[in-house]
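Subject: Structure handover

Hello,

I am passing the structure over to you with this email. Please look through it when you have time; my notes come after it.

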Amino acid sequence: MKVLVIGGGPAGSTAATAMAQAGLDVRLVESAHFPRYHVGESLTPSCRVVLDAIGMSKILDDHGFVKKNGGVIHWDDDQWTFDWQAQSGVQSWQVDRSEFDALLLEHARNNGVAVTTGVTGRSVRFADGRPVAVECSPDDGEPFTIDDFDFLVDATGRNGLLSARHFGNREPLNNLRNVGIWGYWTGATLLPETPSGGINIISSPEGWYWVIPMAGGRMSIGYVTTKDAFARDRHEHQSSDDLYRHLIASSPTIAGLTAGAEFLGVTRVETDYSYIADQFCGPGYAIVGDAACFLDPLLSTGVHLALYSALTAAACVASMDRGEVGEAEALRFFEFAYRRAYMRLFALVTIMYERYLGKDGFFRTSDRLIGDEQQSAQPDADVSSRSFAEIIGGLSDLREAADSSTRVITDRLREEAVRAQLQVVHAPGSDGPDFTPVRGDPLSDAESADYRLVTSPQLGLERVRAARP
């Protein structure tokens, strides 16, 4: 099978590498020339699991990125630490995305992917419901058409070649209309209780801050707030730099962590983070990473969702190529796995933004989101952060994909989304979120439970139940 991947970020490079390693003929085109700047520096331990599967983890370990063991959250009056290395024996990295993405793309090349940069996929032509050609524009030269492929993977990020531009079916999440503003420092510090290489997440009355340790003694420090609050504050300051410095000084905690530190300049701003497409796949195509959906950066989910969707899509296509599963079944599994992962994280992020539950409420919600109802049903029991850490680490998604017997029933995930919505609606001063985008598409537990994702002895879907009549 010939596969065309449009987009060479983490999702595209990972999917391309995994499929090439499975013996498929893979071509990838990317609009940028790497290295190029990108935000999204704090990786979850699930990323290590995925990158282990394609032979990248040692490369990243040897490159010199900061190794991330966990983090500290100061949220309103609550404080807690999560340490994935201690709890699960898995660590991840804090990366410079310009370097990380370039390493992933080079790894794809080294594994036989035909990579071309400086080429933008402009439009997709369909015939009988399947993509048959992609119109491309190079940086220099004449436009051309790629039409010699059997399957298309859209990894075009926020540009959304299929979801945003072709189908026009990507929905913004109105309860997460936020703006991030950030910059880089040298000489800043982390909270003293931070696990080695860990992230700090610190709330403020109208948003929250991240503090991420980077290689070379640098620190990425950012602030996320609502669009309305950002617009109001931006109006009161002459420039983004002035606003950023004001925000740093406004938090006693952040001001303390940056005392005596040097701001390295170049304030950056990003807006309208969160959205989800009505469909993630169809005959002859799959949409991975940010091209399908993106969630607010509160729990550092972006690269997790990118790599998780990429590995899952590659497994589905590899099994289709070997004749182990039909296309409809494989794509149903992909949609099921990716949409569930997003829905669970969306419910947890929404609950955290509403703030009134406190950490015990977050932890009990997390128990229900992974099906640990025995724990969550005991109001007088000690509340553990284990489920919370597993979800934000992306480990629950990988576990469920590999073992259908551990999957919380999708109806229960929907019920938890409704529970979150009702709680938010009744919170003082809240209009409540719109869960329609993550609840509206059918997900079939029964059919998808027939398969599990495997990486050994080869990447693919393995049937765990007899074929249905």
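Below are notes on two sheets, a hairpin and one loop residue.

Please keep in mind that this is a predicted model.

The sheet β8-β9-β10

One open sheet has three strands in the order β8-β9-β10, and their pairing is antiparallel. Its edge strands are β8, residues 119-127, and β10, residues 144-146, each of which pairs on one side only. From one strand to the next, the twist averages 30 degrees.

The pairing of β8 with β9 (residues 130-138) is antiparallel and is made by eight bridges. Within this pairing, Thr120 has Ser137 of β9 opposite. β8 and β9 also form a hairpin, with two residues between the strands. Asp128 sits in that turn and has a positive phi of about 55 degrees.

The sheet β12-β19-β22

Another open sheet is also built from three strands, ordered β12-β19-β22, again with antiparallel pairing. Here β12 (170-172) and β22 (293-294) are the edge strands, and each pairs on one side only. Helix α11, which covers residues 327-354, packs on this sheet and touches β19 and β22. The direction of α11 makes about 160 degrees with that of β19.

Strand β19 spans residues 275-277 and pairs with β22 in the antiparallel sense over two bridges. Across this pair, Tyr275 stands opposite Phe294, a residue of β22.

The loop residue Ser405

Where does Ser405 lie? Ser405 is in the loop between helices α15 (395-402) and α16 (410-425). Is Ser405 buried or exposed? The relative accessibility of Ser405 is 63%, and the cut-off for exposed is over 50%, so Ser405 counts as exposed. As for its position relative to Arg452, the two residues are 47 apart in sequence, while their C-alpha atoms are 9.7 Å apart in space.

If you go through the model in order, the hairpin turn at Asp128, the pair Tyr275 and Phe294 and the loop holding Ser405 are the places these notes refer to by residue, along with Thr120 and Ser137.

Regards

Key
Residues are numbered from 1 along each chain as its sequence is written. This is a predicted model: local features need pLDDT of at least 70, side-chain atom pairs count only at pLDDT 80 or more; totals for chains, interfaces and linings use all residues. Side-chain values use heavy atoms; hydrogens and water are left out. Two strands pair if DSSP finds at least two bridges between them. Helices (H or I, at least four residues) and strands (E, at least two) are DSSP runs, numbered from the N terminus. Contact means heavy atoms within 4.5 Å. Axes are lines fitted to C-alpha atoms, for helices over the stretch in contact, and angles run from 0 to 180 degrees between N-to-C directions. Buried means under 20% relative accessible area, exposed over 50%, partly exposed in between (1.4 Å probe, protein chains only).
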